[in-house]
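Here are a few exercises to work through with the coordinates open. Try each one yourself before reading the solution.

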Amino acid sequence: MEELNSHGTRQMKVRLTGFGGLSTFIRPPLHRLKSTPCALSSSVLFSSSSPPASQSHQVPLFLRVPKYATPVSDLQKWYSWASDLAASVGSTFLVSDNGPDSSLLCRELRWLLEDALQEDIDPSLIHQVGVNSAQREVNLKTGIEDLYKLWIQRIEERRPFQYIVGCEHWRDLVLCVQEGVLIPRPETEIIIDLVADVISSNRGLKEGFWADLGTGSGAIAIGTARALGGCGNVIATDLSPVAVKVASFNVQRYGLQGVVEVREGSWFEPLKDVQGKLAGLVSNPPYIPSENIPGLQAEVGRHEPKLALDGGVDGMDHLLHLCQGAASMLRTGGFFALETNGEKQSKLILDYMEKEHRGTFYNAKAVPDFAGVLRFVTAFRV
Amino acid sequence: MGMNRRFLLKNLMRAVNQLDPLTSCVTANRPIRRPILLSAFYNACLSARRSCSTVAELQPQLSPDLLKMMDQRLSAIEQRSACLQNLMDRPDISQTEYSRINKELRKLRESMELINELRAKQKEIDGLNSMVKECPDDRDMLDMVNEELRQAMTKEKRLQNSLLKSLLPKDDADERGCILEVRAGTGGEEASLFAMDIFRMYERYSHKKGWKFEVVDIMESGLKGCKEASAAISGAGVYGKLKFESGVHRVQRVPVTEKSGRIHTSAVSVAVLPQADQVDVHLRNEDLRIDTYRAGGAGGQHVNTTNSAVRVTHIPSGIIVSIQDERSQHMNKAKALKVLCAKLYEIERSRIDLERSKLRSDQIGSGDRSERIRTYNFPQGRVTDHRVGITSHAIDDILMGEDLDVFVDALLLQQEMDAIASFSANQ
C-alpha cells in the first residue's frame, strides 16, 4: 500500500499494473465475511414476503446489509489512496469534455464512503488517526476490494458516480439507478414544482389521471404522485424493460404502488385506455441531437443509455411526436409539460404548436431553469 | 449533598430577594450581576456534579414587595379576562371581533387557570386560619389543621412561583432550532484549529441532547481547521439553550505548530440565530433569485454532474446564501432558504429589540457578538464563563460536549433573575 501511495498516482498506466498485485495484498481473510444468502439483502426491501423471481435490478449500496467487517486502518488506507487518485485528476476531465474536477470527485468520494459505511458510524471517523483505530473494525456494505474496484471504475472508465453507488438523490427522494436507466437530472426537479403550482389552484387536475412518458427511474412519476397527495393516479411508461423494473422498484420503495402504475411500451401506445382522459401529461424525452452524441461527456456518452438520450436530427423527433399526440390524450383543461434542450428547441415547439395545432392549446409558454436556460414548455389543452 | 444544596439555594434566594437592588438595579445602567453568589453556589454543585435548577423548581419565599407587584398584575389579568368574556357574550358581535377576542382569551387562559387555583388555595388557607383561631385548645384538631395549613401554603408557594414564571417576559424564539456560525478570529491558523474544535464540541453536545446537527458549510483552512463553519441544529428548545453561546470565545494554549512551547491567545466568534420559516419572515417568491451553476453547454441530458450547488439571493435585503454540499439541488435550495430565513428573522428581531426597553438588550442572551464570554485555558485545564463567573476544571469533557450544561444552566438561571428584575421594574 505504501508503494502505491508514494507513486503519487501520477501515471495511470503504472497504477494499472500496480493494481494487479493489489487484490491479493488486501483480500480479507474469508472468516471475516459472514455468509448470508444473496436474496436477503433485496428481500428485506419488499413488502411482500418472497422476492421476485428475476431480479434484473441491482440493490444500491446504501440499501445493502453492512456485513463486511473491515479494520478501520484498511478503510483509511483505501480512503487515502482514493483521495490521491481523485486529486491527480485535477481539471483534466473538465477541460477535455466538461467532466468533474478534483474537488467534485473528492466530494463524491465522501458520499461513496457514507453509502458504504454502516449507518450508526460517523464517516468523519476516517480522519481520526490514533493508536486505537487500528484495532477497531467497522461494518461495510461491500467488501473493501469492491471499493477499490468501484473507485477505479469512476476514475479510469468515467463510470458515473450514481451507477457506482447505485442511487441518485433527486428532490427529496433517493432513487435507485443502474446501467440502462437514465440518471435523473437536477434540472428536471423543476417539473414537479410546475406540476405542484398547477394543481394547487385546480382541484380537478389534482384528482385526475397523470402520465409520465419515458419514465426511466420513475423520478417524475413518483414526484408527481407525491404532489397529487393521494388524490389522483399516475401512469408511467417506458420502452425499456430495465427501466420498467427499476421504476417499479422505486415506486414500491416509496409505497406508491397503489398510485403509480408502470407500463412497458412506446410513448402513447400503452395509454390507449386513457385517451382523452388525462389531466396531465409530462415528459423528459430524449432531446440530444444525434450528431452531438459522440462528443458527449464520457460519463453520459459511454455509460448512459442512448435510447434515453438520442432525439434524432435537431433532437426534436420525440418532442414533436409528443406534441402531436398530446392533444388527443389530454382532456379539456389538461396540463402538458416537456423538458427540452434549451431556448432553440423550446421556441421550435411553441412555433409548432401555434402553427399545426392552432386552437388546441392555450397559455403555451417557455419556462426557464435555475441556470436561466429556457428548458421547459408548458401548455393547457383547450 | 442534597441537604446542603437546598440550604444553599434557600440562602441564595433569600439573599436575592432581600437585596434592595431588585428595584434599584433599574436605575443603574446594567443590572447587577451577582457572580460571587452564583460562583459559590455553582462551584458547590460542580463538585457534586449535579446540574442546577431554575427558579420555579426552587420554591423560595418570594419577597412581600414582589408578591404585591405580582398581585397587581394578576388582578389586572382577571379584570381583562372578565371584560373580554362580557364582550364575547354580546349577541350582536361580529365574526372577526369574536375571533379576535377569543384569541386574546386563549393567551390568558393558562394564567387564568393558575390564578383561579391560587385564589381557591388562598381562600382555603383563610378558612384553615380561622379554624385555628376558633379552637386553640383542641390539641388533635390543632395538629390536623396545622398540617393541612402547611400543605396548603406549600401549594400556594408553588402556584405563586408558576405564576411569576408565566408573567416574566419570554422569548418566543427559545423553542426553535438555530443556525450556528463559528468564525476564526485573531490568531491565524491556531484560531482556525480552535474554531473547528469548538464546532465539533457543539456537534457532540447536540448529539448528546438528541438534536439534529446538519452541517451547512465548512470553509476549511490549511491544517484541518476551519475559517468559518455553520450548522443548522434542530430540536425542541435548541435556541433557548444555545443562544448564550453567541460571542467571542478565547483560547489560551500552546499551538500544535508552536515549537518553543509558548502559550498563544486566539479568539473564535460564535453567532447563534433562531431558525425561522418563510411565514415568519413573510418571504415572497418574487423577492428571490435562484441561480445554479451553468455547465458550459446545454446542460440537462447532455451533462452528468454531482454539482447541484444553489445560490439564493434575497433581492430586497441583498442577502446571498450559497449551499453546495447536499446531494440534490432541491435539498441545497431548501437549506439555503432555511439559512436565509434565519438571517432575515434575526434582522427583524434586532430591529424590534432596538425599539424595546433598554433593559432587555442589557440582559444575558441578547447576543452582543463582540462580547468576550468565555476563556478556555488549556495549560490550566479550565474553562471560565465571564458572565456568570463560573469555572469548570473539566476542559476535556467540555470540548467533548459533555459538560456544557454547567454553563447553560447557570446562564438560564441568570436570565430568569434578570427577567424578575425587569418585571419588577415594569410595575
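**Exercise 1. Find the hairpin that β10(B) and β11(B) form, and say which residue in the turn has a positive phi.**

Solution. Start with the turn: 4 residues sit between β10(B) and β11(B), and B:Gly389 among the turn residues has a positive phi of about 65°. Helices and strands here are DSSP runs numbered from the N terminus (H or I over at least four residues for helices, E over at least two for strands). Next, check the pairing, which counts if DSSP finds at least two bridges between the strands. β10(B) and β11(B), the latter covering residues 390-392, run antiparallel with 3 bridges. One register point is B:Asp385, whose bridge partner in β11(B) is B:Ile390.

Now step back to β9(B) (residues 372-377), which is joined to β10(B) (residues 382-385) by 4 antiparallel bridges. These two strands also make a hairpin with 4 residues between them, and B:Gly381 in that turn has a positive phi of about 65°. For the register, B:Asn377 is opposite B:Arg382.

A note on the setup: this is a predicted model, where local features need pLDDT of at least 70 and side-chain atom pairs need 80 or more, while totals for chains, interfaces and linings use all residues. Residues are numbered from 1 along each chain as its sequence is written, chains are lettered from A and ligands numbered from 1 in the order written, and side-chain values use heavy atoms, without hydrogens and water.

**Exercise 2. Which strands stand at the edges of the open sheet of chain B that has the order β6-β7-β8?**

Solution. The sheet has 3 strands with antiparallel pairing. β6 and β8 (319-323) of chain B each have a single partner strand, so one side of each lacks a neighbour in the sheet. On average, neighbouring strands are turned by 15° against each other, direction ignored. For the register, β6(B) pairs with β7(B) (residues 310-314) over 5 bridges, and B:Ile290 has B:Val312 as its bridge partner.

**Exercise 3. How many residues of chain B are in contact with chain A, and which element of chain B gives the most?**

Solution. Count contacts (heavy atoms within 4.5 Å): 26 residues of chain B touch 44 of chain A. Then take the buried area, meaning the accessible area (1.4 Å probe) lost on putting the two parts together, summed over both. That comes to about 3,000 Å², 45% of it on carbon and sulfur atoms. B:Gln301, B:Asn304 and B:Arg327 supply 33% of what chain B buries against chain A, more than any other three residues.

Next, look for salt bridges (a Lys or Arg side-chain nitrogen within 4 Å of an Asp or Glu carboxyl oxygen). The interface has 4 of them; one of these joins A:Arg110 to B:Asp325 at 4.0 Å, N to O. As for elements, β6 (288-292) and α10 (329-355) of chain B each give two or more residues to the interface. α10(B) gives the most, with 4 residues.

**Exercise 4. Why does the salt bridge of A:Glu119 and A:Lys141 tie together parts that are apart in sequence?**

Solution. First the geometry: the two side chains meet at 2.5 Å, N to O. Then place them: A:Glu119 is in the loop between α6 (102-116) and β2 (137-140) of chain A, and A:Lys141 is in the loop between β2 and α7 (144-156) of chain A, so the pair ties together parts 22 residues apart in sequence.

Key
Axes fitted to C-alpha atoms, helices over the stretch in contact; angles between N-to-C directions.
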